[in-house]
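Colleague: I have the model open beside you, and I would like to go through the labels on it. Could you show me the reasoning behind each one?

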Amino acid sequence: MREYSIATIPADGIGPEVIAAGRTVLANLEKRLGDVKFTVENFDWGSDYYKKHGVMMPSDGLEQLKKFDAIYFGAVGAPDVPDHITLWGLRLPICQGFDQYANVRPTRILPGITPPLRNCGPGDLDWVIVRENSEGEYSGHGGRAHRGLPEEVGTEVAIFTRVGVSRIMRYAFRLAQSRPRKLLTVVTKSNAQRHGMVMWDEIAAEVAEEFPHVTWDKMLVDAMTVRMTLKPQTLDTIVATNLHADILSDLAGALAGSLGVAPTANIDPERRFPSMFEPIHGSAFDITGKGIANPVAAFWTAAQMLDHLGEQEGSARLMRAVERVTGAGILTPDVGGSATTREVTEAVCDAIHSSNV
Ligand code: NAD
Ligand code: MN
């Protein structure tokens, strides 16, 4: 029996709804596979915890999480708590504290889902966006002076280090090399931002020498939005900074049909710490409690988690089950269907047990 310990942090809004769905699916997968066991421990951290305790998680939160094999995370964000508090109080301290420097965001059009672009069906859009996840624009550095006065100043300092850029670039080239097309697009804004971004371009060229089989090119982030929309077939693996990739991957999710199907993995490639798996979407207060949150992003990221844990067979079975269900038109309203979270979850569980999935 192969055993894995998983910490769940459902947190806010639809987070608990989709993580509960994910746990159900994992429990069914466990039954189906027979030789794998997931021991799940739940943590009630998030905005409700903040309202009671004044912090999003206890001060020894990272210490508590350290012993797990993986973290399965929902979403943060509440209408009555400032977004920078929820983000900097929980998700970012975990990503940065555990040095999960590679944020990996696969995007493709699942069967049965009608994407918003004309002439773009399954097969035309199959990307992995690699987001630098430890520094850049989300370094947390900056400040404010002369608060409230007419001369008030606010700065946001983006920090790019040679170590940080080299390691994410190497990760992206390695990933591109492992994919059939061996194609990498390096995104920057090195025309306007002439320091860290130019270093990013230089490091890309250096690392490229180590990967002679990868074809790579460079794009400015603004032009990249156009290429993603008009020529999705020309892209495969994409690497970008923390901010740029944050924005591009929401666009990617929308182009693939919905944010509700977009997964993400926050990986510590060196495996010193647990990695964290979550849907890209936020807490979606507009649909919280209605039972219609799309659980597919949470399932897909569970598949990423299984893959990371070395459970490739379970991961592949889970994705085949998800594709069977979307392909059969069992979809939540965000992707044009009328199914509930529960109906999609039950259908995926049935598919997991089906002998021909
Ligand atoms: P959001 O991702 O929560 O929602 C954007 C839109 O997509 C909404 O209309 C929502 O209903 C829809 N949507 C998202 N996920 C869906 C799903 N699984 N199924 C169906 N529809 C779905 O983004 P937002 O509205 O900008 O932000 C809401 C809150 O979430 C904010 O507080 C924000 O700071 C936070 N947020 C958190 C994360 C995170 O935890 N990683 C990411 C993004 C936003
Ligand atoms: Mn985002």
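Colleague: Let me start with a single residue: why does D99 count as partly exposed?

Modeller: This is a predicted model, so everything I quote is computed from its coordinates. D99 has 17 C-beta neighbours inside 10 Å. A residue is buried at 20 or more and exposed at 12 or fewer, so a count in between is called partly exposed. With 17, D99 therefore gets that middle label.

Colleague: Where is D99, and what is its phi?

Modeller: D99 is found in the loop between α4 and β4. Its phi is positive, about 45°, although D99 is not a glycine.

Colleague: What makes a positive phi worth pointing out in a residue other than glycine?

Modeller: Most residues other than glycine have a negative phi, so a positive value draws the eye. K182 is another residue to look at: its phi is near 50°, and K182 is not a glycine either. K182 lies in the loop between α5 and β8. K182 counts as partly exposed because it has 16 C-beta neighbours inside 10 Å.

Colleague: And what makes E132 count as buried?

Modeller: E132 has 27 C-beta neighbours inside 10 Å. The cut-off for buried is 20 or more, so E132 qualifies. E132 sits in strand β5, residues 126–132. Beyond its neighbours within four places in sequence, E132 is in contact with Y101, G164, I168, T241, N242 and A245.

Colleague: How do you know that helix α1 has the span its residue count leads us to expect?

Modeller: Helix α1 covers residues 15–33, which makes 19 residues, and at 1.5 Å a residue the expected span is 27 Å. The end C-alpha atoms of α1 are 26 Å apart, so the two values agree. Many of the α1 residues are buried, including V18, I19, V25, L26 and L29. Charged residues E17 and R23 of α1 are buried as well. After α1 comes G34, with a positive phi near 80°.

Colleague: Which strands does α1 lie across?

Modeller: α1 lies across β1, β2, β3 and β12, and runs at about 145° to β3. Helix α5, residues 162–178, also packs on the sheet, where it touches β4, β5, β8 and β10. The direction of α5 makes about 165° with that of β5.

Colleague: What is the strand order in that sheet, and what makes β2 and β9 its edge strands?

Modeller: The sheet is open and has 10 strands, in the order β2-β1-β3-β12-β11-β4-β5-β10-β8-β9. β2 and β9 are edge strands because each pairs on one side only. From one strand to the next, the twist averages 25°.

Colleague: Why is the pairing called mixed?

Modeller: Strands of a sheet can pair either parallel or antiparallel. In this sheet the pairing is mixed, and you can see it around β12. β3 and β12 pair in the parallel sense over three bridges, with I71 partnered by M276. β11 and β12, in contrast, run antiparallel and are joined by four bridges, with A265 opposite F277. Elsewhere, β1 and β2 run parallel with seven bridges, and Y4 has F38 as its partner. β8 and β9 pair in the parallel sense over six bridges, and the partner of L183 is T215.

Colleague: Why is β12 described as largely enclosed?

Modeller: Five of the five residues of β12 are buried, so the strand is largely enclosed by the rest of the structure. Both faces are covered: S275, F277 and P279 are buried on one side, M276 and E278 on the other. β8 is mostly covered, with five of its six residues buried.

Colleague: How is the chain divided into domains, and how far apart are their centres?

Modeller: Domain 1 takes 1–102 + 262–357, and domain 2 takes 115–256. Their C-alpha centres lie 24 Å apart. The contact takes 11 residues from domain 1 and 13 residues from domain 2. On the side of domain 1 that touches domain 2, helix α4 gives the most, with three residues. By class, that side of domain 1 has seven nonpolar, three polar and one charged residues.

Conventions
Residues numbered from 1 in each chain as written. Chains lettered and ligands numbered in written order. Predicted model: local features only at pLDDT ≥ 70, side-chain atom pairs only at ≥ 80, totals over all residues. Domains from an automatic or database assignment. Contact = placed C-beta atoms within 7 Å. Helix = DSSP H or I, 4+ residues; strand = E, 2+ residues; numbered from the N terminus. Expected span 1.5 Å × (residues − 1). Pairing = 2+ DSSP bridges. Axes fitted to C-alpha atoms, helices over the stretch in contact; angles between N-to-C directions.
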